[in-house]
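I wanted to practise reading how strands and helices are put together, so I kept these notes as I went through the model. I began with strands and left the helices for later.

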Amino acid sequence: MKGTVYLNDKTGIVVIGATGREASQVIKESESLYPGIVKAGITPGKGGSTELPVPVFDTLKEAVSDPKVGKLLNTALIYVPPVSVLDAVMECLDNGIKVLYIITEHVPIRDSEIIYQEKVRRGAIIVGGTSLGCFVPSVGRIGAIGGKDPSVAFRDGGIVVISKSGGLTVTTAEMFRRRGWGTYMALAIGGDIISNNTYADVLKEIKGDPRVKGVVMLGEPGGSYEEQVADLILSGGFDKPVAAFISGRFQERMPEGVAFGHAGAIVERGMGKATDKIARLEAAGKRYPVKVAFYYHDLVKTIESLGVPRDFEDSTTEHVKPLYSTF
Amino acid sequence: MKLYEHEALGAIFKKYKIPVPRYVFSAEMNDAVRQFVEKEPGVVIKSMVLVGKRGKAGAVKVVSDKSQVEKVFSDLATRDVYGEKSIGALVEEKLDIEKEFYLSVTYSTKDRAPAIIFSEHGGMDVEEIDPKLIHTYVVSDVRSIYPYQIRQFLVGIGFSDKELLRPLSEVIVNVYNAFWGSESRLLEINPLVVARSGDKRKIVAADAVVILDDDASVNPAVVYGARSAQGRPLTQREQDAILIDQGDHRGKAGSYVELEGDIAMMTFGGGGSTVTAETAIEAGLRIANLTDIGGNPPAEKMYRISRIILSKPGLKGVLVCGGTASNTRIDVTLGEGLAKALDDMNAEGKLDKNLVWVVRRSGPEYVKGLKMLHECFVRNGIRGEIYDSQLPITEAPIRLKELMIKHIGYKPEQVV
């Protein structure tokens, strides 16, 4: 298999909520970048529609029974409104789809919890909610990650980028691409309180993959998913270089409860502080190749200092000039 | 969104049969309060604020001398508690307390499940309880929960008061059901008291902290009214910002929190906004606000949030900063929305030309969008630099600092 469990050369995508504004744009873009990766779309009431470059069905059951595309569907990309996400997930699980991406933001926490427990019972892989998708340059793309021209940010290489923030997944891949490191996989895991696929879950999946040369992990305050990485590494569960940046130290100088950024990025009753997460990862760094960058842009130096080899030449110049200046 | 105690009691505790003291809430002294007090031998009066640790601030008082009630009530109903103004006072029956427990339900990211947290040693701040005396029951199957499971848990942790096993297990299940049914992210009762009532004992929730999921299937801001999480009323600009996203789901531009500072932050994306704000603060910039714009908002939304951001008094610099967007159109957001706001503000004489700007943005149609914004800067006499993604995102605030020092003699904070 070429790629990862999240996205590989066998991946066949069915988009749930396919004819919506964002989803239809993503399907069209995907079709031009990686033709054939999206196999079908589902929108109740739009079955048989020809508005998309892929066949549209009313129900997933019809799609998986379709003689042409049915057998090829193994990955769902969910683009339905927040209150319909639970329903869409159950439709996917009940129809045998085992890898799901929830792109929708603002899924009610209670629904996320039900989804997580079902995922565990059924042994599925679910990324999100609030995922932007996954990019494996050597194989393909799931979701909008990287936009219309992903080559700006993504070039094949050995770095795995894992981020709660979709935007920063791309921004980080681009920062590294400019400095000589390509991406093996970029995965936007989403910033919800109940994450179906945490940093540690990803590290466990990729730990034996020889193509992984180093991991860049972008963390946030709130919850304990970053700490779980430190625990995994300390227990010997992952030993490749990890460069981390944990945002949100500034939040600690603000009144408790200030909600900013992702739903999960909230510090309550002293739990989930960025400084605690940083300390835990730095403690793991005493025995394992783990380092935390002070500034976000220091991540490049961090990966370099961990000895992760460049995939190609550094293309940046000493001093970046503005495109425009009005001084 | 956090609820006031009286809202939690009235809307949630009652519905899920969580026993509470007799109470009355009022913004001011009135006949209802007087009649309530008349019937009670003693009362507890609490300031109604969202901030915690009220007791330590002297905002919870036991009053047994009825001649003092009016005075205490007027004080507690109007005072500031840690800078937050009271919206009224809650008057409750004074309970004959035998013991105090701690009980809460929240989501544990360690278990990725709801967790019921219980201690026999309540009444103090949870941070002050010896962690060895705090016990957690993880609800690993949310499809059903029964009191017997809670009794097994209580027996397992060596709960000392066997007589309370049944009633306590039933209250805890009701509290869990309240948490689940109301779509809370935290429901905390501290203390959950055992009170004497004649020769009987009863379990009563003597406090109620409820934080609802902002993404709940029924939006709590619609039910209870929008409120600031900062323990202060929303500013006019914050209220105006909330309206931007109401009834229009195309993108998000209305997330706007004001701080005391002089750098306007027009930042994009949850993660991008956070790292940019973080770096700005680390670099010594005093930021005037936080924003988190994303999801490809239409030009109209960008126009409105731009005007709100730029109307805050006392600004010296503006940072427009985002990563490489995947679907947010840069021509629409910056080239149309922001540019039109600047054109209009200038035409109305409301644009401060002394502001120093740094723009750093990439994404769909960024070449066009940044060029349009540059043209707007030129025709309106705005001073700034515009970058694409060649400049790492978090170097943008550092560049703004350099420019402000050079051009307007800005004195950054000394950050340790």
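I looked first at strand 7 of chain A and found that three bridges join it to strand 10 (residues 183-188) of chain A, the two strands running antiparallel. I noted that this is a predicted model. Within this pairing, Gly133(A) stands opposite Ala188(A) of strand 10.

I then looked up the other neighbour, strand 8 (residues 140-143) of chain A, which pairs with strand 7 of chain A in the antiparallel sense over four bridges. Here I wrote down that Val136(A) has Gly140(A) in strand 8 of chain A as its bridge partner, and that a hairpin of three residues connects strand 7 of chain A to strand 8 of chain A.

Which way do the residues of strand 7 of chain A point, and are they buried or exposed? I found Gly133(A) and Phe135(A) pointing one way and Cys134(A) and Val136(A) the other way, and all of them are buried.

Next I turned to chain B, where I found an open sheet of four strands in the order 1-6-2-3, with antiparallel pairing. Its edge strands are strand 1 (23-26) and strand 3 (60-63) of chain B, each of which pairs on one side only. From one strand to the next, the twist averages 20 degrees. I followed strand 1 of chain B to strand 6 (residues 89-93) of chain B and counted four bridges in the antiparallel sense, with Ser26(B) having Ala89(B) of strand 6 as its bridge partner. I also saw that helix 1 (residues 5-13) of chain B packs on the sheet and touches strand 1, strand 2 (43-47) and strand 6 of chain B, its direction making about 60 degrees with that of strand 6 of chain B.

Last, I looked up a pair of helices. Two packed helices are described by the angle and the distance between their axes. For helix 7 (residues 225-234) and helix 8 (residues 274-284) of chain A, the axes come within 9 Å and cross at roughly 15 degrees. Because angles under 35 degrees count as roughly parallel, I recorded helix 7 of chain A as roughly parallel to helix 8 of chain A. Their crossing is left-handed. Helix 7 of chain A brings residues including Tyr225(A), Val229(A) and Ile233(A) to the contact, and helix 8 of chain A brings Lys277(A), Arg280(A), Leu281(A) and Ala284(A). I sorted the residues of this contact into seven nonpolar, no polar and five charged.

Terms used
Residues numbered from 1 in each chain as written. Chains lettered and ligands numbered in written order. Predicted model: local features only at pLDDT ≥ 70, side-chain atom pairs only at ≥ 80, totals over all residues. Heavy atoms only, no water. Axes fitted to C-alpha atoms, helices over the stretch in contact; angles between N-to-C directions. Parallel < 35°, antiparallel > 145°, perpendicular 65-115°, else oblique. Left-handed = near helix turned anticlockwise from the far one by under 90°. Contact = heavy atoms within 4.5 Å. Nonpolar A, V, L, I, M, F, W, Y, C, P; charged D, E, K, R; others polar. Buried < 20%, exposed > 50% of the residue type's maximum accessible area, 1.4 Å probe, protein only. Pairing = 2+ DSSP bridges.
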